[in-house]
Structures are given as C-alpha cells and as structure tokens.
Amino acid sequence: MATYLWRGKKTHTGEYLRGTITAQNPEQVIEEIRKMGIYPINVKKKNEFFTLSIKGVKEVGAKTKISDSDLIMFTRQFSSLIDSGVPILQGLLIMIEQQKNKELKGILTKIKEGIESGASLSDSLKKFPRVFNDLYVNLVESGEKGGVLDKVFKRLAIYFEKILKLKRKIKGAMIYPIAVLSVAVAVIIILMTFVIPVFANLFASVGATLPALTREVIAFSDFMRAYILYIIIAAAIIIFALKAYRKKESGRRNIDRIILKTPLVGALFKKVAIARFARTLSTMVESGVPILAGLEIVSKTSGNKIIEESLMQTKEDVSSGSPLSMALNKTKLFPPLVIQMVMVGEKTGNLDAMLAKVADYYDEEVDNAVNNLTQMLEPALIVFLGIVVGTLVIAMYLPIFNLGKAIK
C-alpha cells in the first residue's frame, strides 16, 4: 500500500479538487475517485518528505476544523431527531440551520444534496472521510439496512463520547510533565544566558580561583551563548527527520514498537489500545456489522502500527475459521482476561456485551494507570528540577565564599 496524490475535476460542478488516497496502485486510486464523481486528471505517489500545495485547488480529505465535540454534538442531536420520527432530510435541514461550525454546515449541506439526488445517507457520508471515518459510515450503512438508524446514531454518540473521554485522560496526564519540563528548560536558558555571565564577569574581575563545578557551568554557559542558534536548528532538524521517518511504514512500525516497550508509558498505551479495540468492536457487533469488517476497521483505529498489524492477522485467522478468542491469543498482545471474556462472549452469543465489559474494565485501568503515572512523575520531575537549578545555584555561590579572600 502507498499514499497517492491526485487531482481531478468534479463531474457536476466543474470544481477542481485534489487529495490523498492510500491504495495498492494508481488504477485503484482512479477507481476510487471516480466513485466520488470526480474525473481524474493526475495521480502520483506522495513524496514522503514534503508536498506542495496548489493555490486555488481545494484539498479533499485535508485536516478539518471540525472537532470531536462538534461531531458528537451533531451525532447526539441527529439521533434525537430520528428517534422522534423526523425524516432524514428534514433532520439534516434542522441541523444545517442551527449549525454554528461553518465547515460542518457546508458538509451537511452537501450530504443533504446527495440524498436529494438519490444517494443513501451512508454513501453521502462516505465522501467526507476526514469527518466520518470507516466506523461511522459502516455503522450508518448497517443501520439503514436494518431499519435501526436511530439506535445506530445513539450508539455512535455514546461511543465517541467515551473515546473522547479516553483521549482527554491521556492529554491530561501529559500536561503536568510537559509544563514542568518547559519551566525547567526556560529556567536553565535564562540562568545560562543572563545570570551566569554576570557572575562569570564578576569572578574574572577579581581574579578569583574558581571551583571545578563553577568552571564547568561557566564553560557550558559560554557554549550555549555561542551556539544557541545551531542548537535550535539541530533540534528542528531532528524533529523534522523523526516526523518524516514516522511517515514511512517501517519507521512508524519501529517507533510504535519502542513506545510499547517503554516502561510505564508502553503499558499505558497498550491499555488504551485494548479499551479502544473492545469499545469499537463492541459497538460494531451490536450494530450488526460483520466481524471481519469490524476487525479491519478496528485495526485502523488502534493508533499503533504493531497492534494494527496484529489485528489484521487476527482478521485473517478468523476468516480462515479460527475463533476470535484463539486468534487474539496468537497475537500475544491481549491479556488472559480479555481472551477469556471474548471466549465466553462467543460461547454465549453475547460477544458485544462481553466486549463492552472489557472496554469498561480497561477504561478504569487507564484511569488507574494515568493516576499512577502522574503520581510517579510528579516527585521525579520536582527532584529533577531541584537538582538542575540547585546545581547551577551552588556552582555560582561556591566562589562567593572565597571572594573575600580573593579581593583581599
């Protein structure tokens, strides 16, 4: 699979569009964009390091200004409208009129126009993959076929609310250490570039004999002041190189493997992935999506290349006749508790309910892991900050004890 850049012209409106698609070959790209009602003009492989934007051409599939909260709000309100017996077109019209997000309002208008021209709701949603992912589209399609669209939208709203809550837990856990490290870096830079040079000039003017620690700190300060621009450039290059490396399939696989093996952090990310896997698959099975299609979609939403590949292998094993519990056990990524719960769900015919219980359990596990990680990082970061600042202060004050003798 490779990422392709394409340019094309909308058949009905004549609007020029461009975007990216992951496919096996250019022919598959052409087939996909033709399904979207676009006449292909140019298809080429995406450069892994940079891409040039074309002025005047709107990119389809680019990052949107539609937040998770906007999507949840739309899903929840639209679910209520359908549950109240409001027809889909009328419901969309109501949502368009009260929508404050201009981008989402435009997308909903195009979805409404698609339905009016004879397309199904799921086919209309499929044209906006950056807003409505495969999970969303497949569940809506399943709801249309089963006549339970109101229940599907309600499940989607609950699902996205719980996933958003999970994301916020992780972000909340990262805020404190990032803030402390930022303060530490800022303090070190200020001391090194403004405070220490003042002390260095003072000591030099009186000809004091400096302790080894003080000489080392002053030398480091001189180095930073002389090469600070080169340090910033080097840091930017490293960050850019890591981002470019992670865009490659092999690079993403290696980085994700390192993350999973990192103490504390790896365990947390693994629990998050299990909670998301169980929640997503439970929602899809409950909505009537076939297990194979569900596993493929779940693998794409795992957020980790190693887990994604393991779940794709699970899908292959299940398609060959292996029970889901046995296929998951082969990956060596899922704890015995998950395997046992899935096995019970398969035997009793309540797989969706058992997966939901697994998701609830691991949501609590993520809570505990985040709290434990925060409790461990808090004193460690305070000690680190104290050692760094304390060392600099001691290095500057050591010569002051002998400064009287030097002046005399």
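Trainee: Which residue in β3 is the bridge partner of R7?

Mentor: Let's start with the strands of this predicted model. Strand β1, residues 2–10, pairs with strand β3, residues 38–45, in the antiparallel sense over seven bridges. Within β3, the residue that bridges to R7 is N42.

Trainee: And which residue in β2 does R7 stand opposite?

Mentor: Here we turn to another pairing of β1. Strand β2 covers residues 16–23, and β1 and β2 are joined by eight bridges in the antiparallel sense. Opposite R7 in β2 stands R18.

Trainee: Over which residues does pLDDT stay under 50?

Mentor: For the chain, the average pLDDT is 81, and 91% of the residues score at least 70. Where pLDDT is low, the predicted coordinates should not be read in detail. Keep that in mind for one stretch, for which the model has 30 contacts beyond four places in sequence. The stretch with pLDDT under 50 is residues 48–63.

Trainee: Is Q99 buried or exposed?

Mentor: Q99 sits in the loop between α3 (88–98) and α4 (102–116). Beyond four places in sequence, Q99 touches L104, K105 and L108. Its relative accessible area is 15%, and the cut-off for burial is under 20%, so Q99 is buried.

Trainee: With which side chain does the side chain of S122 make a polar contact?

Mentor: Find S122 in helix α5, residues 121–125. S122 has 4% relative accessibility, so S122 counts as buried. Leaving aside neighbours within four places in sequence, S122 is in contact with V137, V140, E141 and E144. The polar contact, at 2.8 Å, joins the side chain of S122 to that of E144.

Trainee: How far apart are the end C-alpha atoms of α8?

Mentor: Helix α8 runs over residues 212–247, which makes 36 residues. A straight helix, at 1.5 Å a residue, would reach 52 Å. The ends of α8 fall short of that, with their C-alpha atoms only 46 Å apart.

Trainee: On which residue is the kink in α8 centred?

Mentor: We have just seen that the ends of α8 do not reach the span of a straight helix. The helix also has a kink of about 70°. That kink is centred on Y227.

Trainee: Which residues in α8 are buried?

Mentor: Some general background helps when you look along a helix. An α-helix has 3.6 residues a turn, so residues three or four places apart point the same way. In α8, the buried residues are T214, V217, I218, S221, M224 and A244.

Trainee: What is the relative accessible area of G294?

Mentor: G294 belongs to helix α11, residues 291–300. Not counting residues up to four places away in sequence, G294 touches L281, M284 and V289. G294 is buried, and its relative accessible area is 1%.

Trainee: How far apart in space are G294 and M341?

Mentor: Along the sequence, G294 and M341 are 47 residues apart. From C-alpha to C-alpha, the separation in space is 18 Å.

Trainee: What value is phi of K332 near?

Mentor: Look in the loop between α13 (324–330) and α14 (336–348), where you will find K332. K332 is exposed, with a relative accessible area of 68%. Most residues other than glycine have a negative phi. K332 is not glycine, yet its phi is positive, near 65°.

Trainee: How far apart in space are L381 and V180?

Mentor: L381 lies in helix α15 and counts as buried at 9% relative accessibility. Beyond four places in sequence, L381 is in contact with Y176, P177, V180 and L181. L381 and V180 are 201 residues apart in sequence, while their C-alpha atoms are separated in space by 6.9 Å.

Trainee: What distance separates the C-alpha atoms of V393 and I196?

Mentor: V393 is placed in helix α15, residues 351–401. At 38% relative accessibility, V393 counts as partly exposed. V393 and I196 are 197 residues apart along the chain, and the distance between their C-alpha atoms is 9.3 Å.

Conventions:
Residues numbered from 1 in each chain as written. Predicted model: local features only at pLDDT ≥ 70, side-chain atom pairs only at ≥ 80, totals over all residues. Heavy atoms only, no water. Helix = DSSP H or I, 4+ residues; strand = E, 2+ residues; numbered from the N terminus. Expected span 1.5 Å × (residues − 1). Bend = angle between axes of the 7 residues up to and from the residue. Buried < 20%, exposed > 50% of the residue type's maximum accessible area, 1.4 Å probe, protein only. Polar contact = N/O pair within 3.5 Å; in protein donor to acceptor, adjacent residues only side chain to side chain. Contact = heavy atoms within 4.5 Å. Pairing = 2+ DSSP bridges. pLDDT = per-residue confidence, 0-100.
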